[in-house]
Amino acid sequence: MLTHKFFIPVLILWPIAGAVITYLIGRVDRDFRDYVADLVCLAQFAAVIFCHKFIGSEMQIKNLGGFGMSFKLDEFRFIYILIIAFMWLATTIFSREYLAHHKNRNRYYFYVLLTLSAITGVFLSNDLMTTFIFFEMMSLFSYVMVIQDETQKALQAAQTYLYIAIIGGLATLTGLIILYSLTGTLDVAKLTNPPVKNARALYISGVLIFSGFAAKAAIFPAHIWLPTAHTAAPAPSSALLSGLLTKSGLFGILILSSHIFMHDKNWGLMLLILALITMVLGAVLAVFSVNLKRTLACSSMSQLGFILTGVAMMCYLGVHNDLAVRGTVLYMVGHSLIKLVLFLCAGIVYFNTHKLELNDIRGFGRGKKIFMLAFVLGGLGLAGVPLFNGYLGKTLIHESIVEYINMAGKDELLFKIIEWLFLISGGLTLAYVLKLFVVLFVAEPVKNFSHENKKYLSIENVITLLISSLLLPLIGLMPYKIGNVIGFSGTGFLNGSTHHIVIDFFTFENIEGALISILIGACVYIVIVRKFFIDPEKNYECSNLWPEKLNIEFLIFRPVLCKILPFIGALFAKLVDLITAGLVDVILNRSSRTKFIIPPEDNEFGVYPELSENQSAGVVLGASLSYGLITIAAGLLFVVAFVLI
């Protein structure tokens, strides 16, 4: 009889096997390889559906390389691995046409399927070390998805992505070590409000762990990789990066916020500050953007800020966190599906025009009914318009803010300001969605986008796009039969209140927030966007008003990481080299002047002509020993830092 002990490993191992199979087939027949990749993802989707009968199961693998792994399949995890499997199937089918003329397709499919295995492991994990292992695997595998085109922009974007992933991973690992020393466990179930004597150390570990997860979730200030990576990566990869890989970061943040710091308002305050900055800044950047995929990427940043606001409200509301929990889960799922649709739409634009700048693709969508339908459904869902899935999550999070205002006391004014920032950001979302719609479907075509000799979309991609986009109003029109199932799935995982508040989504009181955002968005579009960002008299030509130098990545991140830190490291290495070389001089009874003799550049064997053979050997020994000791010194510094913490 098949049990969870068979299927949980299969969900993780099957994509790895599929990656190897598709790679080997691709060495022989590339076209057949594409269809095999589709079948691998289809089998994964079917296996996830079958695993519904195993909800509530747990599994542990002990003594695996000196440590164990722990997995669990609860309702929330099931919902998300189902979304993962569906989105991977849709993007893999879409990739066949999108990547038809790309190089390195064998490598692409190999690493995409490995990433599927890793992210499935993240969402099935039930202890933070298991989460961390799969999280780091996912970061390394997905790096190849960003670098796929191997253009200068792709290489630069992938470099930034990898820097953020490595720095975030080191921070998370350090935090996990501290957390384990404080609690003696990394098991999620045992970390709910852990009794620790040193609260300060617990917060330090929490912030370090949060840093790594927040980097992947593109939370300010670690958001810098997202606009560049999404723009450079192929559109199917962008859909996965935006819709799912960012959610893996949120998964870790959810564990921290709903278990270790459950109902902790201090933790909630930190989340809320970062959420508001991310939410507003992302929306502003999207309004300014003149690139289709960059606009969608900045939009993702903003939407992740909305979701993090819901997580913060879970901490503030404490035992009354039902609305915040349901809203957070619904928003996460809704955003994943919306970004699948919108990035597939961006992919249609790119593989037909090989352009993404808005001025180059004006009018592309005119006469393309299926494309327009999908884009409109995705755009309305993103803007939180009633009857679409984005409205459900946004309404619940908004109502959780209103609920806290009624019990905030002296903080009432502060949270009213927060509520308005939430609504204004929602309005900005509608403004940049309208901007994209007008550019694509209202403007006159700037060139001949007709396709007399070929269709702009293959039949399999028409089906994929329609199924993906029609899910958005389906969930929005069935908030009680589908929306509640999704929202309630987070109750157990997020320690949500079991006293569920009945919400009528279509009363004026609940629609009011969405209507305010819609009104703000319409005003911003008419008064600001049409006046400063697009010119109706010039066929909606777009203006790039964002200062080129005002870029955190190139203003702060790259100078610090690529210039300042290497300089400090080189200076430190030189000092250690001089000190250790001096010690070697003393040990070998050499004259101190010898260490300052520099061999000529063309000396192939590194022998010092001024020295005897023994003296030359001593200098070489000193140099090699001193540089070897640098690594020991660096390791000791990390140990000392850990002990001090």
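A cavity is a set of grid points where a 1.4 Å probe fits but cannot get out. In this predicted model, six cavities of 30 Å³ or more are counted. The largest cavity holds about 110 Å³ of space.

Thirteen residues, given as 13 in the count, line the largest cavity. Those nearest its centre are K394, T395, G513, A514 and S517. Two or more lining residues come from each of α14 (389-405), α15 (412-442) and α19 (508-533). Helix α19 gives the largest share, with five residues. By character, the lining of the largest cavity splits into six nonpolar, six polar and one charged residue.

The second largest cavity has a volume of about 50 Å³. Its lining consists of Q303, L330, Y331, G334, H335, I338, G381, L382, G390 and K394. At least two of these residues are supplied by each of α12 (322-353), α13 (369-382) and α14. The largest share, five residues, belongs to α12. Here the lining comprises four nonpolar residues, five polar residues and one charged residue. K394 appears in the lining of the largest cavity and also in that of the second largest.

The surface carries a nonpolar patch of about 800 Å². I552, I556, V560, I564, L565, F567, I568, L571 and L575 make up this patch. L575 lies in helix α20, which covers residues 552-588. The relative accessible area of L575 is 48%, so this residue is classed as partly exposed. Patch residues must have over 30% relative accessible area, and L575 has 48%.

Terms used. Residues are numbered from 1 along each chain as its sequence is written. This is a predicted model: local features need pLDDT of at least 70, side-chain atom pairs count only at pLDDT 80 or more; totals for chains, interfaces and linings use all residues. Side-chain values use heavy atoms; hydrogens and water are left out. Patches are made of residues with over 30% relative accessible area and no salt bridge: like charges are joined within 9 Å, nonpolar side chains (Val, Leu, Ile, Met, Phe, Trp, Tyr) within 5 Å. Accessible areas come from the Shrake-Rupley method with a 1.4 Å probe; for residues, only the protein chains shown count as cover. A salt bridge is a side-chain nitrogen of Lys or Arg within 4 Å of a carboxyl oxygen of Asp or Glu. Helices (H or I, at least four residues) and strands (E, at least two) are DSSP runs, numbered from the N terminus. Buried means under 20% relative accessible area, exposed over 50%, partly exposed in between (1.4 Å probe, protein chains only). On a 1 Å grid over the protein atoms alone, a cavity is a set of points where a 1.4 Å probe fits but cannot get out, and a pocket is an open set with protein on both sides within 12 Å along at least five of seven lines; lining residues have an atom within 4 Å of a point. Grid points are joined across faces, edges and corners, and a volume is the space filled by probe spheres set on the points. Ala, Val, Leu, Ile, Met, Phe, Trp, Tyr, Cys and Pro count as nonpolar, Asp, Glu, Lys and Arg as charged, and the others, Gly among them, as polar.
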